[in-house]
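These are my notes on the model, set out as numbered points. They take up helix packing, then the sheets, then the domains.

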Amino acid sequence: MTLQKSFSEWSTLAASATVNGQCFIDGQYRQAVEEQVFDKISPVDGRVIASIARCTTPDVDTAVACARRVFEAGTWSRMAPGQRKRILIAFAELIEKHSAELALLETLDMGKPISNAINVDIPGAANAIRWSAEAIDKVYGEIAPTPQDQLGLITREAVGVVAVVVPWNFPLLMASWKLGPALATGNSVILKPSERSPMTAIRVAQLASEAGIPDGVFNVLPGYGHEAGSALSLHMDVDAIAFTGSTAIAKALMIASGRSNLKRVWTEAGGKSPNIVFADAPDLKAAAVSAASAIAYNQGQVCVAGSRLLIERSAKAEFMEHLQAALEPWAPSHPLDPATQLGALVDQQHLAQVRGFIDTGIREGARLVQGGETGIAGVDGCYLKPALFDGVDNAMTIAQAEIFGPVLSVIAFDTAEEAVAIANDTPYGLAAAVWTRDLSKAHRVAKSIRAGSVWVNQYSAGDMTAPFGGFKQSGNGRDRSLHSFDKYTELKSTWIKL
Ligand code: NAD
């Protein structure tokens with residue numbers, strides 16, 4: 001398949017796409033033990049596109065037993081790092097080779113524009129796996145500064161059986177940020193994709209096998225969070241759970257760990273990120289264009305979405321003009337059209353929830369400046385025009401709740417101190433941006449913000465070289481960079497008497 005395709009070519013492929021909805025355990029696709037399935041409805045047009053295995057406790061028990069057996073056997077866990085590297089790079093290459101197929105599955109599954117899926121999600125997933133693979137034979141242990149009669153070795157060992165539980169907004173990409181380091185460090189993995197977007201996870205299981213990952217090392221269990229997800233979180237033989245998703249479920253996982261085997265729980269959770277624009281921003285128009293993208297990209301379903309726009313009052317009138325104009329092109333259209341930049345929200349339930357927040361904003365006294373309309377002509381999917389609210393107080397529901405949709409709240413401030421106070425007045429601490437020409441002010445504000453990522457004069461920069469994760473209730477884990485390896489390894493000290 002070539003990557004450049006027209007709307008009609010993608011539509012033809014979509015109409016004939018066959019989707020495997022089975023689980024993948026011990027190198028084989030199979031039905032769930034209880035043979036239950038659920039329908040996967042596409043948010044693009046409301047069609048049922050797949051029948052997905054509804055895994056429950058017996059499937060989790062089988063997958064964990066298999067993952068444990070393989071881990072203990074050492075085929076992968078004790079394989080030389082350089083050999084694991086070669087196999088994982090082959091896996092990344094297979095993802096790239098199948099990128100058109102995977103991008104199509106991602107778009108049909110959760111509604112993102114096909115151009116995003118093919119240019120961002122799938123290459124990003126391959127890159128994450130390759131980056132971790134390439135690093136693994138370059139990571140050294142340490143020697144402790146011991147007395148002469150001792151040798152102290154500080155080493156890292158694979159944790160064992162790792163459950164990877166991920167959300168639906170960047171299905172394969174979020175999974176790959178965890179699969180890369182978890183597999184590179186020698187663990188056995190059980191991936192539980194979101195029930196709202198299981199299709200690429202199921203598909204890549206076979207590619208992993210084709211690349212040479214031994215049977216049982218990489219298993220995929222589709223199913224509901226309260227069934228398969230919960231069973232993994234309570235399992236006595238899962239050593240770690242690497243989670244990306246909502247703060248509410250992150251808390252539930254920590255409780256489940258305490259109720260079971262104290263498995264390591266790593267959480268990358270929600271956000272309500274402030275995007276702070278000072279009157280001395282280098283270019284107010286550019287800041288507005290970036291702010292529009294920060295709330296509308298991926299239909300606003302981004303953990304680091306810039307959902308609170310803090311604007312210095314003296315520049316507000318001019319900035320609002322730019323912002324309104326910048327949001328105009330973000331009108332929803334068919335996700336399979338390569339020209340589309342705003343696709344469908346993940347499903348009708350989520351669309352109704354986001355619309356509900358817009359109604360709440362109006363009820364609480366914020367002013368809806370533009371957007372909020374649902375639907376597009378000719379297709380029955382989950383579409384919403386980005387909503388822009390002015391006159392928002394940070395205490396309002398729309399400024400506090402993680403809406404996880406294209407709803408932007410504009411809040412005015414007068415001083416840098418006030419901006420920082422508003423920015424930090426949230427349970428979350430995932431990301432923030434600061435726009436100013438004043439280097440000292442940029443550093444001062446960036447240091448004062450309690451968030452895992454801060455961008456200056458831009459929004460949402462980053463790649464595999466730097467960690468990504470949150471402060472406060474945005475979670476405790478870090479994806480990307482060598483720091484992410486810590487989540488999948490235990491630290492061991494070995495003392496040798498000389
Ligand atoms: P969610 O918490 O509802 O679900 C995430 C995953 O957890 C899914 O696979 C789900 O099936 C599973 N799950 C649900 N209930 C469970 C339970 N009781 N036990 C175990 N697993 C369970 O989140 P979502 O709606 O899929 O995703 C949106 C959320 O993800 C937002 O809050 C967003 O901010 C967050 N997110 C965070 C990051 C980050 O890096 N910090 C990145 C992307 C998304």
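1. Helices α2 and α8 are oblique to each other, because their axes cross at roughly 45° and an angle counts as oblique when it lies outside the roughly parallel (under 35 degrees), roughly perpendicular (65 to 115) and roughly antiparallel (over 145) ranges. In this predicted model, α2 covers residues 57–73 and α8 covers residues 225–234, and the two axes come within 8 Å. The handedness of this crossing is right-handed. On the α2 side the contact is made by Thr57, Val60 and Val64, and on the α8 side by Ala228, Ala231 and Leu232. Sorted by class, the residues of this contact are 5 nonpolar and 1 polar, with no charged residue.

2. A second helix pair is α3 (residues 81–97) with α7 (residues 199–211), packed at an angle of about 135° with the axes 8 Å apart. This pair is therefore oblique as well, and α3 and α7 cross in the right-handed sense. From α3 the contact takes Ile87, Ala90, Phe91, Leu94 and Ile95, while α7 supplies Val204, Leu207, Ala208, Glu210 and Ala211. The classes here are 9 nonpolar and 1 charged, with no polar residue.

3. The third pair is α4 (residues 99–110) and α5 (residues 114–136), whose axes come within 9 Å and cross at roughly 120°. The two helices are therefore oblique to each other, and the crossing is right-handed. Which residues meet in this pair? On α4 they are Ser99, Ala100, Leu102, Ala103, Leu104, Glu106 and Thr107; on α5 they are Ile114, Ala117, Ile118 and Ile122. The contact of α4 with α5 has 8 nonpolar, 2 polar and 1 charged residues.

4. An open sheet of 3 strands has the order β5-β6-β25, and its pairing is antiparallel. Strands β5 (142–143) and β25 (489–497) are at the edges; each has a single partner strand, so one side of each lacks a neighbour in the sheet. Strand β6 (residues 150–158) runs antiparallel to β5 and is joined to β5 by 2 bridges. Glu142 stands opposite Ile154 of β6.

5. Another open sheet is built from 7 strands, in the order β14-β17-β18-β13-β12-β20-β21, with mixed pairing. Its edges are β14 (367–370) and β21 (453–456), each paired with a single strand, so one side of each has no neighbour in the sheet. On average, and with direction ignored, neighbouring strands of this sheet are turned by 25° against each other.

6. At one edge of the sheet of 7 strands, β14 pairs with β17 (residues 387–390) in the antiparallel sense, over 3 bridges. Arg367 has Asp390 of β17 as its bridge partner. Helix α14 (residues 416–424) packs on this sheet and touches β12 (274–277), β13 (308–312) and β18 (407–413). The direction of α14 makes about 145° with that of β18.

7. Lys316 belongs to helix α11 (residues 316–327). Leaving aside residues up to four places away in sequence, Lys316 touches Ile311, Asp390, Val410 and Ala412. Asp390, the bridge partner of Arg367, is thus also one of the residues that Lys316 touches. Where does Lys316 lie with respect to Ile122, C-alpha to C-alpha? The two are 38 Å apart in space and 194 residues apart in sequence. Ile122 is one of the α5 residues in the contact with α4.

8. As to domains, the assignment divides the protein into domain 1 (8–269) and domain 2 (274–461). Taken over C-alpha atoms, the centres of the two domains are separated by 31 Å. How many residues of each domain are in contact with the other? The contact involves 24 residues of domain 1 and 29 residues of domain 2.

Terms used: Residues are numbered from 1 along each chain as its sequence is written. This is a predicted model: local features need pLDDT of at least 70, side-chain atom pairs count only at pLDDT 80 or more; totals for chains, interfaces and linings use all residues. Side-chain values use heavy atoms; hydrogens and water are left out. Axes are lines fitted to C-alpha atoms, for helices over the stretch in contact, and angles run from 0 to 180 degrees between N-to-C directions. Helices (H or I, at least four residues) and strands (E, at least two) are DSSP runs, numbered from the N terminus. A crossing is left-handed if the near helix is turned anticlockwise from the far one by less than a right angle, and right-handed if clockwise. Contact means heavy atoms within 4.5 Å. Ala, Val, Leu, Ile, Met, Phe, Trp, Tyr, Cys and Pro count as nonpolar, Asp, Glu, Lys and Arg as charged, and the others, Gly among them, as polar. Two strands pair if DSSP finds at least two bridges between them. Domain bounds come from an automatic or database domain assignment.
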